[in-house]
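Biologist: I should like to understand how the terms used for a structure follow from its values. May we look at one together?

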Amino acid sequence: MIRKLYRLWPDHGILLRLGALHAILAVLQGLLLGLLVPILRALLQIEPDFQAAAPWLIAGTIGLIAYWILTIIATPVGFSASMDLAAGLRHHLMNYVSTLPLGWFTDTNKARLARAVTADSGNVAHLAVVIGAPAIVSMLVPLTIIGVVWLIDWRVALVFLVIIPIALITLRRAGRIASESDIELEEAAAEIAGRAIELGQAQTVLRAAGQGRSGSARMREALDEHRASYRRGLRRSMIPDLTYTAVVLGGFVGILALTVQQLLSGSLTFTDTLVVLVLAVRFLEPLGNLIELIGALRAMENAVVRIQSILDTPTLPMAVNASNALNQASIEFEDVTFSYGGTPALRNVSFQCRPGSTTALVGPSGSGKTTVIRLIARFFDTDTGNVRVGGIDVRKLDPAVLLNDIAIVFQEVYLFDSTIEENLRLARPDASREQLERAACAARLDEVIERLPEGWNTRVGEGGSRLSGGERQRVSIARAFLKQSRIVLIDEAASALDPENERAVSEAIGRLARDRGRTVIVIAHRPATLAAADQVIALEAGKVAEAGRPMELRQTNGIFARLYSQYERARNWHIARHSDQNT
Amino acid sequence: MGNNHAHSHHETDVTPDISEGGKEHLAKSDALWRLLRPVRIKLLFCAILSALGAAAGFAPYIAVAEIARNMLGSQEVDGNTIWMWVIIGAIGACLRLLLVFASSRLGHYADAELLHDVRVRIVSKLGVLPLGWFRDSGSGAIKKRMTNDLEEMHQLIAHALGELVGAGVAMIVGFTYLLMIDWQMSLITMAVLLVMVVCYRIAMRSVTTHMSRLLAAEGRISAASVEYADGISVVKTFGTGGRIMQRFAAAVKEHTHAMLDWVTETKYSSAASRLFSSEMTVLGVVMIAGLALVAADKLTMANLLPFLIIGVGLPTSIMPAIQGGQGIRKGRVAASNIEELLNRTALMEPDQPKKPVGHKVELDQVSFSYDGVAQAVDEVSAVCNPGTVTALVGPSGAGKTTLASLLPRFYEVTGGSIRIGEVDVRDMSSDRLLSSMSLVFQDVVLLRDTVTENIRIGRPQASEEEVREAAKAAHIHHVIEALPEGYNTVLGSGSGGLSGGEKQRLTIARAILSKAPIVLLDEATASLDPDGETAVQAALAELSAGKTVIVIAHRLHTIRNADQILVLDQGKLAEKGTHNELLARKGLYSRMWAAQQKGESE
């Protein structure tokens, strides 16, 4: 556990200081209790001997004052440690994930990250301090007391000493089972959370199926499973928990019996008997508390494991002598094969894009178009084969240089919750007003801005929710213009935009493509975009099925010709009565 | 169990627990009590056992103290009496072990049962809420009620209650015993504890303010990290992550500052409460005061010993009582959140539901307003006959989608009425109403379940064969066959591997299977995925055949052949007719048509 905590925080200083402080406090606590021995020996007589007790009493007073001072110091140190730990961990996590390949950022991983950065970081830091301290105390006070008792009677001390390992062994077992049950219960709770979301989204479907009031069968299963695993956990932890408490209490009874027996047999004076009994009570109490701490410790451990698993994600390997400049903007795939884990998404794909050319990628959904774009931007590394940009293998390029020369227009455009201007400036923080306006104009974003109440200063809402999909895509295209990167990768919106947006977006994409200074690769869905391309690469099931100039390919009876006419037909689709279907 | 053990450590601790729940608003105290109804008996026994356990727990301590008093009181050591006390102590210890253990178990079992009970109640409540509620509140709210809010109550039910009662009893028994021995020393011991409680109260005085500030800061940290991750591709490709990271850094900083302010403000009181709750302090005070009294002959050493044994342990045993307040506060807030949901007005169900005759849809002077001021739909009347296609068109914001969502009673009309087969939709049971129509909108809802079950939910009693037939009719059968486990592939677990258009066709298969006579359709659906577009369109044609079809249209050429077109403008029915009739009128429709034709040809 301590080792795991150590791994989380590269700066051990604060943990060490805090640990040391509490260790001192614990030992001091034990020694203060130990002072009871000479004090009570002197005083527990028919005529209390204050004279003999005086030096010990003074020592005790001094010790108590020291203890107070240390406690007062420890309080703020603990607070600031907890804050520093949390803040440090949060920054560490965010900095780390910023070096991860883009492919890592799936919905699941994003949820994991959010949890790690907020609740887990906070809890770990909080618990490391508020649980760590009493845990140290609970361990060290009993040990110190044993030392003191040893001085009085080694046999009794031996009983004390035997209790500790037995207690720790049972505690370990209780802790392990608690941890397993915790994980199981958490999974059950996560399942309920997922089903709860589904319950909201699928409410109409469920009601139409007459399952409105009962929820789906899976929902009911999830609820039952949660209760069952809760009960299972309780059942499993029953014996270990009971054993631990029994060990501690049994220890107490044992000490009590042994001491009394020693007293009655005359080998312990009655003063020492009393002192030992007083110490026995103080010895067992912190030990008994450990079982209450163990749950929290395990919860902390689980949080630590969750954080660590993110920090253990491998980053994209960096070349030692990475090239830090691109001479030209060509793109080349050479025998590229790549899979997301199952069947390959791309198989032996090879093609070339000359600098300044426009390439359209077409193919049925799932044919690997998006993967091509992802590999160029190095969201992932290929399994075999090479992706070259500017003639250099992307793995040998400094990632910053690569991304500096690429602008991507995604199908689903994500905007940050700030103003339009801020979102545009991301592409180029030092852009002048004129540059901003030129980019907006080229992307036909200017008319959107004009219409908005606060123009450039309009806040776009979380994820850009206050703009429509087409408007968001226009922002994204404007970014590409503003960035003036030599390579632009576009995933043309497949879903229906309203007519006005559709026109604006395809016009803006056309402008990007026409500029001879840019190498453009576009996943195209619209006949106009296809027609404007210098070359078309048709993918099917991860392989290049056809490649060539669009006009030539239309003449053949290949996949491109088929898709092209399908696109045309789709645009002329109309809903009608059954009688005049198949038109 | 659970993750909320942070409070069970036994030292006064005012470190703000960041898992602290929700903003404190005036929680109705009885909400909690009502929610606990099914487990009240269990909780009562939990409390009783905890009380008995706490009382029994004093036996060993009292035994030690009595042995000491016995030995100091007389020079003659009375072996029998001492052994008697040893046995009493041992029995007390065992009893305590069993009783406290049983109490804690009972509390946890009650928790397990309550979680289940309340969740079942929430699920069935959701089943009768107006559908509009789901659109407005979002699924996140449901998730919060069913998980986070309930977990907030865990601490209270499984821990706080038993601990609170136990601590109370421990205090009463402990002090009663001490009072019997020496009242002066008892008062002194009590004074230390009182000072501790006062300091703790002072330290926690501003907990609400600080906690909400901390929570807000934490919310910002969370938002910034999610935002960063969501926008990571933008951040990376534009190489300007720094700006976004600043927002994260600022949130972290604000969190630290909030904490720091709190700590600074409560520096003295929290240090003091820590000091006075320390066993060492109590020990020191008891020793000093006790020895002074002994020196003054007001107290015997024998009577000082119980204070050393029991008095010193008291802060530890009453701490839960002081900290338990937090658990109760959290539990109350959560309980009132949950009750708020359980008390929401359900969709009005007719006492005597009527059965529709046929499937003619009639809109009779239908009006609807979201806010009671602006009319989103304004006195629209129309008749949609079975076997015909009705198109809803109009500029964005004209009320097309709103009008369509009144049919399945997502929202209740605020004026006029909607009739299906001569029966007002409000006079039909909502199950019947919903099963009479297929809703094919852009947002595809798949259940995390097998393909078969996802289609079968359209008609739960359908056979395997019928499910396949529906899939074939929706042009999705071959896609399903190609999935790793065919019809048994579990969808929605991230590996489903269906494209947007394919998911769309799956829901169309579901609709086909349901054989609902009314089809509500968003035209944009048909062109969601151009690659599979033709297949989706063919599937839709299959679905619509012979039904009462109502389609929300964006691209006018898709509905040229509709039997009637309702042109909406600002909620009002501006025009009505066939494509050719409307073109001839040269009104809004013909202007929209002209504009779109121009756009297409560009």
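Modeller: Let us begin with a pair of helices in this predicted model. Where α10(A) passes α11(B), the crossing is right-handed.

Biologist: Which residues meet there, in α10(A) and in α11(B)?

Modeller: A:Leu274, A:Val278, A:Val281 and A:Arg282 of α10(A) are in contact with B:Leu305, B:Leu308 and B:Ile309 of α11(B). The residues of this contact comprise six nonpolar, no polar and one charged.

Biologist: What makes α10(A) roughly parallel to α11(B)?

Modeller: Helix α10 of chain A (residues 270-311) and helix α11 of chain B (residues 301-309) pack at about 20 degrees, and their axes are 10 Å apart. Angles under 35 degrees count as roughly parallel. Therefore α10(A) is described as roughly parallel to α11(B).

Biologist: Let us turn to A:Thr71, in helix α4 of chain A. Why is A:Thr71 called buried?

Modeller: The relative accessibility of A:Thr71 is 6%. Buried means under 20%, so A:Thr71 counts as buried.

Biologist: Which residues does A:Thr71 contact, leaving aside its neighbours within four places in sequence?

Modeller: With those neighbours set aside, A:Thr71 is in contact with A:Leu25, B:Arg274 and B:Leu275.

Biologist: How do you know that the side chain of A:Thr71 makes a polar contact with A:Tyr67?

Modeller: A polar atom of the A:Thr71 side chain lies 2.7 Å from the backbone oxygen of A:Tyr67. The cut-off for a polar contact is within 3.5 Å, so this pair meets the distance limit.

Biologist: How many of the residues of chain B count as buried?

Modeller: In chain B, 60% of the 602 residues count as buried. This chain has 21 helices and 10 strands.

Conventions
Residues are numbered from 1 along each chain as its sequence is written. Chains are lettered from A and ligands numbered from 1 in the order in which they are written. This is a predicted model: local features need pLDDT of at least 70, side-chain atom pairs count only at pLDDT 80 or more; totals for chains, interfaces and linings use all residues. Side-chain values use heavy atoms; hydrogens and water are left out. Helices (H or I, at least four residues) and strands (E, at least two) are DSSP runs, numbered from the N terminus. Buried means under 20% relative accessible area, exposed over 50%, partly exposed in between (1.4 Å probe, protein chains only). A polar contact is a pair of N or O atoms within 3.5 Å; within protein, one must be able to donate a hydrogen and the other to accept it, and residues adjacent in sequence count only if both atoms are side-chain atoms. Contact means heavy atoms within 4.5 Å. Axes are lines fitted to C-alpha atoms, for helices over the stretch in contact, and angles run from 0 to 180 degrees between N-to-C directions. Angles under 35 degrees count as roughly parallel, over 145 as roughly antiparallel, 65 to 115 as roughly perpendicular and the rest as oblique. A crossing is left-handed if the near helix is turned anticlockwise from the far one by less than a right angle, and right-handed if clockwise. Ala, Val, Leu, Ile, Met, Phe, Trp, Tyr, Cys and Pro count as nonpolar, Asp, Glu, Lys and Arg as charged, and the others, Gly among them, as polar.
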